[in-house]
Amino acid sequence: MDLIQIKDISKSYGVEFSLENVSLNIQQGKIFALLGPNGAGKTTLVKLMLNLMHCDSGSIEINGFNVSDKNSRLGVAFIAEKFTFFPFYTASGVLEFFGKMKGIEGDELKSQVVAALERLQITELANRKLSRMSKGQMQRVGLASILIGKNDLIILDEPFSGLDPIGIRELKDIIRELKEQGKTLFINSHILLEMEQLCDEVAILNKGKLLFNGPVSAVLEKEKSLDDFFYKVVNGGRA
Amino acid sequence: MKAQYKAMILDTMLKEVRSKTLIFIFVATTIAIILGHVGIKLVMSQLGGGEVTFSGINALSLNFRILNSISFVVAAVFGVSVFRSDFQNNIIYQYLSFPISRTEYFFIRVIGTWFLVLAYYIYSYVLSSVLFSMAFKKIIFTPAHFFSFLVLCLYLLIVIFIATLFSLMMNKIGALFITFATSLAAAAAFTTFSTIPYNEFFQNMSSLRIVGLFFYYFFPRITFLGNFSSSLLAGELSGLVIWEQCLHLSVISALYIFIANYLVKRKNF
């Protein structure tokens, strides 16, 4: 079953296309990676999926709801490349706020917050304000927020950015755990090696055009690595 | 109320309560009220009895009118900041990824800001009522003070909406300047046209008069609300046709709110 349906979307800034007639279907329970060089249109696509921007043409549906409908964001968790929130919040305050915004309250919320802090190994940051955290600690708080609530779709924009090697390893474990729980993960990333190990499907964007969309296994049948395939596709046109 | 709404209103108040502007206004107001209280005690000790009750009510009314006179500035300053911190720090990305509509986001942010400004005014009114009552040794808060405050609440909300609308079209300083400039122009237009019959509106037409008529008809008549709140304190209701002013205020304010909400809905982040 397709959780995300992107049909012929285009988005331009002035005369330049950021995305041109892009269509994608993403199945439930898969780990999907959106790859592309800088300026390919990856972040624009994520913004369109979250209704942070409006398409010039085409449509995007999540869970059967058009993205202009707030119900499309029920069960969706999103973490931006650099997680930011108001600096006066503590780590547990952020997670409680995110939980309340997802309709969770009381003891259920408290237990989820404790569990998320433990899973990211940031229990000692529970009462520390964001203003007193390092970039990596902030990113961990952001990642803890995806564990709050019943999220069917998790959108991660450059999730490995700002994490140390241990953080990267832990994040990969979390992503695998979430997949085992039947969640769908949409990952926007540059780090091809990690994506090759983690993902079921990939799409490659360049200059606003979709150059490839298919399973990682199909990629590895054609080339030695995702890295080689990506390089050929981006420099040589459509695969 | 939905838990989401409560969380967002509290979040709005928490982010604004740290504003240096609010802290400055809060401290300055507290000092001014305490100084007023000390001054009145000094005068009372010199005068003795006499028209104490009458003077007390008048003194409190005067104090409220002074507080009301800066209400426009307080509401405008917070109105232009409603969305600014969300946009500047990209916190808007996280916010709009929650299952809320942009219309909900818009109204809750504005209402949260309004609650904060109201909290400041409630604090100021209560503090001055208590201190002035202590100075006059009897309770001098009257229903007129309460009704004046209710009108002021609506006034503050509309000013916040107006400032918010301008903040969606330009930067903070520009929005603040335009809010002040247009409100001053509208106040001048209101003073000119609200007391003359309609058939005299178009007599002696000049470019200034055309501008005045534009502001009179196409800007929310917040001056009417401000004057109405003050006239309740003074116990002298103006001779204006209140329902006509209220109707105009409702229609034009609704139009401004509709435009501001539309701009938020259409904005690309």
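Start where the two chains meet: select the 22 residues of chain A and the 20 residues of chain B that make up the contact. Keep in mind as you click around that this is a predicted model.

Now hide the chain A half and look at what chain B brings. Two elements of chain B, α1 (3-17) and α6 (91-96), each give two or more residues to this side. Colour α1(B) first, since the largest share, six residues, comes from there. Then colour by residue type: you should get ten nonpolar, seven polar and three charged residues on the side of chain B that touches chain A.

While you have chain B up, zoom out. Switch to cartoon and you'll find twelve helices and zero strands. Along the principal axes, the C-alpha atoms fill a box of roughly 65 × 50 × 30 Å. Of the 269 residues in this chain, 36% count as buried. If you like contact maps, plot one for chain B: among contacts with a separation of 6 or more, 86% come from residues 24 or more positions apart.

Next stop, chain A and its sheet. Select β6, β7, β8, β3, β9 and β10 of chain A; in that order, these six strands form an open sheet with mixed pairing. Go to the margins: β6 (76-79) and β10 (209-215) of chain A each have a single partner strand, so one side of each has no neighbour in the sheet. Look along the sheet and you can follow a twist that averages 15 degrees from one strand to the next.

Stay at the β6 edge for a moment. Strand β7 (residues 153-157) of chain A runs parallel to β6(A), and the two pair over four bridges. To see one of them, pick I79(A) and its bridge partner L156(A) in β7(A).

Now bring back helix α1 (residues 42-49) of chain A. This helix lies across β3 (31-35), β7, β8 (184-189) and β9 (201-206) of chain A, and runs at about 145 degrees to β7(A).

Last stop: helix α8 (residues 226-236) of chain A. Which of its residues are buried? Show L226(A), F229(A), F230(A) and V233(A) as sticks, and you have them. They sit on the same side of α8(A), because they cover an arc of only 100 degrees around the axis. Their cover includes β3, α6 (192-198), β9, β10 and α7 (216-222) of chain A. Spin the helix round to the face turned away from the buried side, and there you'll meet the exposed residues N235(A) and G236(A).

Notes: Residues numbered from 1 in each chain as written. Chains lettered and ligands numbered in written order. Predicted model: local features only at pLDDT ≥ 70, side-chain atom pairs only at ≥ 80, totals over all residues. Pairing = 2+ DSSP bridges. Axes fitted to C-alpha atoms, helices over the stretch in contact; angles between N-to-C directions. Contact = placed C-beta atoms within 7 Å. Buried ≥ 20, exposed ≤ 12 C-beta atoms within 10 Å, placed from the backbone. Nonpolar A, V, L, I, M, F, W, Y, C, P; charged D, E, K, R; others polar. Arc of directions from axis to C-beta.
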